[in-house]
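User: Could you take a close look at one part of this protein for me, the largest nonpolar core, and then show me how the rest of the chain is arranged around that picture? I would enjoy a connected walk-through.

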Amino acid sequence: MAGPDLDELVARAREGQPRAVARLISLVEDSSPRVADIARALTPYTGRARVAGLTGPPGVGKSTSTSALLTALRGEGLRVGVLAIDPSSPFSGGALLGDRIRMTEHATDPGVFIRSMATRGHLGGLSWATPQAVRVLDAAGFDVVLIETVGVGQSEVDVVKLADTTVVLLAPGMGDGIQAAKAGVLEIADVFVVNKADRDGADATVHDLKQMITLARRELRGPSWRQPIVRTVAAKGEGVDEVVSALRTHYEWLVAHGELDRRRAARAREEVAAIALRRLHAELADLRDGDRLGDLAARVAARELDPFTAADRLIAELKGS
Ligand SMILES: Nc1nc2c(ncn2[C@@H]2O[C@H](COP(=O)(O)OP(=O)(O)OP(=O)(O)O)[C@@H](O)[C@H]2O)c(=O)[nH]1
Ligand SMILES: [Mg+2]
């Protein structure tokens with residue numbers, strides 16, 4: 001793709017043309033050689049979108065909630081982009097299909113853009129491709145970007161690095177699940193949602209959560225944001241307006257406390273580090289395939305050289321190149 005084509009693609013994406021947006025996301029997702037050019041072209045138009053991450057255990061109602069949030073935010077006239085991240089974990093099989101089915105009602109709305117992204121096989125996983133996709137949606141003028149990701153292992157922590165506001169969803173009857181999740185979850189949540197409030201045990205879940213928050217708060221310092229707990233029945237849209245209002249309140253708090261800038265700087269830091277690591281990794285792979293490593297390895301095998309000195313020499317060559 002030549003430069004003018006890219007400019008045109010960016011111009012069309014900025015007009016909100018879904019095909020251009022989709023094409024740009026595909027390019028960044030596939031690590032196109034043009035990814036740096038794309039980021040450069042988009043950057044002047046970014047910084048407006050509010051980014052909210054939704055995370056929680058499998059089946060808690062993230063996709064249902066995302067869909068309900070979409071409806072509520074569209075009702076306010078906001079344009080909304082959704083990135084459904086599939087960590088391709090064995091726990092989330094079938095999530096993609098489910099997401100598609102549940103979100104078809106928004107499929108024809110030009111103010112909505114929904115995209116599923118697989119992170120398997122990406123070095124750095126979420127930390128690599130997703131910020132690029134967020135940048136595309138931001139430049140394309142979406143007011144809000146919602147990122148749905150299953151809270152399994154590292155992914156719920158990763159989403160925090162991408163979002164201005166992190167929503168952690170829980171549901172009644174998870175008992176041990178909350179306990180298990182609590183260490184990570186308490187630190188990352190800006191807003192708690194207890195979904196499936198139509199089920200028995202919602203009160204107990206809210207109660208447990210409040211206790212955990214109170215305990216954790218004693219240990220916390222710094223600007224105090226009180227994590228709200230919102231009860232929802234996402235399947236019926238109940239409580240979703242409260243989630244929208246919690247998102248707005250949190251965003252205003254971020255701005256008022258300089259926390260938005262701090263979070264975005266932290267995000268940029270992660271992103272730059274991920275890109276640099278990726279480049280270094282590629283260069284090291286080139287070196288590994290080259291003769292130079294073979295020479296060094298032969299000397300290590302012959303015990304003329306220790307492996308640390310050999311690695312230092314390899315790195316020195318990388319720096320010199
Ligand atoms: N009773 C009840 N069921 C709900 C509610 N919200 C969602 N569900 C159901 O819970 C199931 C899982 O919902 P999803 O929205 O797919 O959950 P998810 O967290 O996106 O699931 P994964 O992406 O697979 O982790 C579906 O059958 C929903 O219909 C709710 O408020 N009450
Ligand atoms: Mg889902």
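Analyst: Happily; what follows starts with the core and then moves on to the metal site, a helix pair and two loop residues.

Please keep in mind that this is a predicted model. The protein chain has 13 helices and seven strands, and 46% of its 321 residues count as buried. Contacts reach far along the sequence: among those between residues at least 6 apart, 76% join residues at least 24 apart.

Now to the core you asked about. The largest nonpolar core holds 33 residues, and Val21, Leu24, Leu83, Leu137 and Val145 touch the most other members. At least two residues of this core come from each of helix 1 (3-14), helix 2 (18-29), helix 3 (35-42), strand 2 (80-86), strand 3 (112-118), helix 6 (126-139) and strand 4 (144-150). Helix 6 gives the largest share, with seven residues.

Leucine 137 is a good place to zoom in. Apart from its neighbours within four places in sequence, leucine 137 is in contact with Val21, Ile25, Gly81, Leu83, Phe113, Phe142 and Val145. There is also a second, separate core of 25 residues, with Ala52, Leu78, Leu169 and Leu247 among them.

For a view from helix 3, try isoleucine 38, which is found in that helix. Isoleucine 38 has a relative accessible area of 1% and is therefore buried, the cut-off being under 20%. Its contacts, leaving aside neighbours within four places in sequence, are Leu6, Leu24, Leu27 and Val28. The C-alpha atoms of isoleucine 38 and valine 10 are separated by 8.0 Å, although these two residues are 28 apart along the chain.

Strand 4, one of the contributors to the core, also leads us to the metal. Ser63 (OG) and Glu148 (OE) coordinate the magnesium ion (ligand 2) at 2.1 to 2.3 Å. Because serine 63 lies in helix 4 (residues 62-75) and glutamate 148 in strand 4, the pair ties together parts that are 85 residues apart in sequence. Both of these residues are covered by the protein: serine 63 counts as buried at 7% relative accessibility, and glutamate 148 counts as buried at 6%.

Further along the chain, helix 10 (residues 240-256) packs against helix 11 (residues 259-289) at an angle of about 90°, with the axes 5 Å apart. The two helices are therefore roughly perpendicular to each other. Where they meet, helix 10 brings His250, Tyr251, Trp253, Leu254 and Val255, while helix 11 brings Glu259, Leu260, Arg263 and Arg264.

Two loop residues are worth a look for their backbone. Most residues other than glycine have a negative phi. Lysine 196, however, has a positive phi near 60°, and it sits in the loop between strand 6 (191-194) and helix 9 (202-219). With a relative accessible area of 21%, lysine 196 is partly exposed. Arginine 303 also has a positive phi near 60°; its place is the loop between helix 12 (291-301) and helix 13 (307-320). Arginine 303 counts as exposed, at 74% relative accessibility.

Finally, a word on the outside of the molecule. The protein chain exposes about 16400 Å², and carbon and sulfur atoms supply 53% of that area.

Terms used: Residues are numbered from 1 along each chain as its sequence is written. Chains are lettered from A and ligands numbered from 1 in the order in which they are written. This is a predicted model: local features need pLDDT of at least 70, side-chain atom pairs count only at pLDDT 80 or more; totals for chains, interfaces and linings use all residues. Side-chain values use heavy atoms; hydrogens and water are left out. A nonpolar core is a set of buried Ala, Val, Leu, Ile, Met, Phe, Trp, Tyr and Cys residues joined through side-chain atoms within 4.5 Å. Buried means under 20% relative accessible area, exposed over 50%, partly exposed in between (1.4 Å probe, protein chains only). Helices (H or I, at least four residues) and strands (E, at least two) are DSSP runs, numbered from the N terminus. Contact means heavy atoms within 4.5 Å. Donors are N, O and S atoms within 2.8 Å of the metal (3.2 Å for Na, K and Ca); water is not among the atoms, so sites may look incomplete. Accessible areas come from the Shrake-Rupley method with a 1.4 Å probe; for residues, only the protein chains shown count as cover. Axes are lines fitted to C-alpha atoms, for helices over the stretch in contact, and angles run from 0 to 180 degrees between N-to-C directions. Angles under 35 degrees count as roughly parallel, over 145 as roughly antiparallel, 65 to 115 as roughly perpendicular and the rest as oblique.
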